[in-house]
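Me: I would like to learn how to read a structural model feature by feature, with the general idea set out before each case. Could you take me through one slowly?

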Amino acid sequence: MSTQSIAQSIESLVEYCDRIIEEPGFAAAVAWKNAAPNRATIGCFPVYTPVEVFYASGVLPVGLAGGGNRMEIAHADSRFQSFICSIVKSTLEQGMTDLLEPLDGLVFHSICDPARNLASVYARNFPETPVEYIHFPQNFEAEESPRYLRDEYARVATFASGLSGREMTTDDLRAAIALYNRVRETIRRLYALRRDAPHRLRTRELYPLVRVGHLIPPEEHAELLADALHAAATREGRERDRIRVVLTGSFCEQPPLDLIAAIEDAGCYLVDDDFLLGRRWFTENIPANVTDPLLALADGYINASLPTPVKHDMRVSPSELLVERARSHRADAVIVLCAKFCEPSLFAYPLYRKALQEAGIPHLFLEFEEKMWMFDRVKSEIETFVESLLFD
Amino acid sequence: MTETHYQGKLHHLQKELMSEYYAALTASANGSGVPAAYLLIGGNPVELLRAFDILPVFPEVNALQLAVRKQSLPFIQSAEFMGYSSDNCAYVKADIGMYFGGRETPFATIPEPSLLLCNYVGCNVYLDWFGHLAEFTGKPAFQLDIPFIRSASGKPSKEDIAYVLRQLHHLIGRCEEITGRKLDEERLREAVRLSSLTGDLWSKIKHLTKRTPAPYDAYFDSVTMMAPLYCLRGTPQGLEFFETAYAELLAKAEAGIGPLEKERFRYVIEGPPPWPHLRAFRDMFSRWDAVAVASTYSTVGGLWEFGFTHDPDHPLESIARHLLEWNLTNRNFLQRYEQIERYLEEWNANALVIHSVKSCRLFSAGQGDMREYFTKRGVPTLLVESDLEDPRYFSEAQMRNRIDAFFESIAHRPTREGASV
């Protein structure tokens, strides 16, 4: 379905995105694959995948975002223990219930220990499914790190070509970088719009606009985002008496949409977040028209990517960055929303807490699970927090 | 026999040498002038520090010492008071709690680090741990990024090796800054030579448990030898310990003496021990005359028994290979299945016990799949859960029931050779 044929209001765009996100079966990705020879699809575990490398090789990167709150985990619970986060189990469950059947391969990354072990467990249980694993460098200070990552991406390109039967050329990669730059730049502009005028674009609306990019080709996503930017910029809206909040901690497993809505309904303007971080990832465009675009992409990871607890860049202090982010977004408060059992996210919290307290920025710590479906308690907790600030 | 008694020269020598090691830590903390570097166990490059006379401090060893001495809980709780989650690794919490508790432990005063050497060898929590220490201490940190094993061959690529070597050169530069002196290559070669001899002896010790009866328990007694393997490797004292240990254990093997009066079950054990309840856990196996003949945990710092040896003629290359390939933590989860299979076959074991610890997801995430895999292959497999550091996760009665039921059930099963055990 093309966005050209639908009305260009935020409401209709969001409705379109919601519908695609709800649909099982990766229909848009399968349609893209079947439209031309030498194409394939790959499921990408969070947080970040070098999507350009896949796309330039004829492979559509499809974002995996767990099972949501409508999936019952019946098989994967016996493989991963109770203290492992839900998305690891729900991803395996999707495999075990054939929901990932339309995808030609999967890629995992060095984000945490359970995700890494899942790559192995998945490969063992589905020997017919090609599984790739990317080791992202954690030494951000070494001059050779971009070069190492460039070589890693070259290896991944070979893997991707094996899926599609098409070799990546330098020009293919340049075009893919330019295309995804367009997507990311528009998302950055939407984020800026929401920061400056959150009454014009709710997070419950922005979120599906970004997340649909997990499931549709980037050309289509770029168009859709451009439409959304235009619609949001010209939208009428009335400012409400709400607190401005920076939300952090939900960069991998995703909270239910209803939880995001509940946070807003409890009296918050979410003026920044780290949902679906991999779809934005870079702070600026990656140079596409360079001699070695693979190196440019790798260099962007090291030197121009957003902070997240799965990257350990010792050149910066993550907690100071959070304080700066809260200030630059004129936030009244920070909500740290961690997925239950998510070690990287939970480990970030003590440092955040200390820094926020020292900076005098109120914060609220919450945990969620993708499968949660009752929000009254959490909403009431946030309402109390909001009231304590509004009527302070 | 329900209780195990620690006997032999190696246990006494271990205590003596570790006391000396901890005395050196305390002296450093009290201003001896010897710089200390914190580093992690996984495939550790301790030889490089030896070449600079930098004292290695292993926060994991300190944390487990606290747990063994039943001192970990107050430190864990004080870290949780700072905002650490009950779901975070308790090694980290005990260490952070201890750091803010003045670095005083019953066994040593832990020195402030001159360098935080985060050898990122598989474990992602290492990165958080040392990142936090860097923030709390304000001391210089070095991230030694070790690409994870992800090839079908189970080997690092030439790019991986080159990348690690370049980082090791940077690390040498950092050590030169800290100590104010250039690397003495001869000293590095000597440390690597000592490690090579130590590793060879450790490998021979590991192979002794192929005999029946096994001369020692490859889990509960191996942990005694692991502390010198990390804290003293690359020194003459470390080598002396392993010469003594090998001689003693070889003599036992030759004499047909095992750690128990009788060896009825030979099992492989996967996962770290429940340090706060080590003795109780050991006795649960001893009462069934069950001896661990191999353990994956004893290979976190290095996998010598499968052929690795340091090479003094190529010191940095062999350190790089140790970090990349020759330790459990940087190998992928399916390589661990292969490792266990080799133990079951070559060490002639008839059961697998998986001790799943909440703290260490590197070890535990997916162990249900491991149980499924080995059960389907006809290996009697038991999965039990507790923790390596947090005493609150150990339910003694429940644990004993599970272990009793397991050995009860396999006591009447036919073995691979067709006879019941």
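What follows is a dialogue on helices, the core, the chain contact and some backbone features of this model.

Reply: This is a predicted model, in which local features need pLDDT of at least 70 and side-chain atom pairs count only at pLDDT 80 or more, while totals for chains, interfaces and linings use all residues. Residues are numbered from 1 along each chain as its sequence is written, and chains are lettered from A, with ligands numbered from 1, in the order in which they are written.

Me: Which residues have the most contacts inside the largest nonpolar core?

Reply: A nonpolar core is a set of buried Ala, Val, Leu, Ile, Met, Phe, Trp, Tyr and Cys residues joined through C-beta atoms within 7 Å. A residue is buried if 20 or more other C-beta atoms lie within 10 Å of its own, exposed if 12 or fewer, and partly exposed in between, with C-beta atoms placed from the backbone. Here the largest such core has 269 residues, and Val245(A), Cys118(B) and Val268(B) have the most contacts inside it. Two residues are in contact if their C-beta atoms, placed from the backbone, lie within 7 Å. Leaving aside neighbours within four places in sequence, Val245(A) has contacts that include Cys268(A), Tyr269(A), Leu270(A) and Val271(A), and also Ala331(A) and Ile335(A).

Me: How should I read a helix, and on which side of H7(B) do the buried residues lie?

Reply: An α-helix has 3.6 residues a turn, so residues three or four places apart point the same way. Helices (H or I, at least four residues) and strands (E, at least two) are DSSP runs, numbered from the N terminus. Helix H7 of chain B, residues 158–179, has 22 residues and reaches 31 Å from its first C-alpha to its last, close to the 32 Å expected at 1.5 Å a residue, where the expected span is 1.5 Å times one less than the number of residues. The buried residues of H7(B) are Asp160(B), Tyr163(B), Val164(B), Gln167(B), Leu171(B) and Cys175(B). They lie on the same side of H7(B), because they cover an arc of only 120 degrees around the axis, the arc being that of the directions from the helix axis to the C-beta atoms. On the other side, Lys158(B), His169(B) and Glu177(B) are exposed.

Me: What do the buried residues of H7(B) pack against?

Reply: They pack against helix H6 (145–164) of chain A, and within chain B against helix H2 (46–50), strand S4 (141–145) and helix H12 (315–324). Ala162(B) also lies in helix H7 of chain B, and counts as partly exposed, with 16 C-beta neighbours inside 10 Å. Ala162(B) and Ala320(B) are 158 residues apart in sequence, yet 8.9 Å apart in space, C-alpha to C-alpha. Just after H7(B), Gly180(B) takes a positive phi of about 75 degrees.

Me: How many residues does each chain give to the contact between them?

Reply: The contact takes 38 residues from chain A and 42 residues from chain B. On the side of chain A that touches chain B, the elements giving two or more residues are helix H5 (113–125), H6 and helix H13 (343–359) of chain A. H5(A) gives the most to that side, with 9 residues. The residues of that side divide into 20 nonpolar, 10 polar and 8 charged, where Ala, Val, Leu, Ile, Met, Phe, Trp, Tyr, Cys and Pro count as nonpolar, Asp, Glu, Lys and Arg as charged, and the others, Gly among them, as polar.

Me: What backbone features should I look for, and is Phe26(A) buried or exposed?

Reply: Most residues other than glycine have a negative phi, and most peptide bonds are trans. Phe26(A) has a positive phi of about 50 degrees although it is not a glycine, and is found in the loop between H1 and helix H2 (27–34) of chain A. Phe26(A) is buried, with 23 other C-beta atoms within 10 Å. Asp98(A) has a positive phi of about 65 degrees, again without being a glycine, but Asp98(A) is exposed, with 8 other C-beta atoms within 10 Å.

Me: Where are the cis peptide bonds that I should inspect?

Reply: One joins Pro46(A) and Val47(A), with omega about 15 degrees, and Val47(A) is in the loop between strand S1 (40–44) and helix H3 (51–55) of chain A. Another runs from Thr212(B) to Pro213(B), with omega near -5 degrees.
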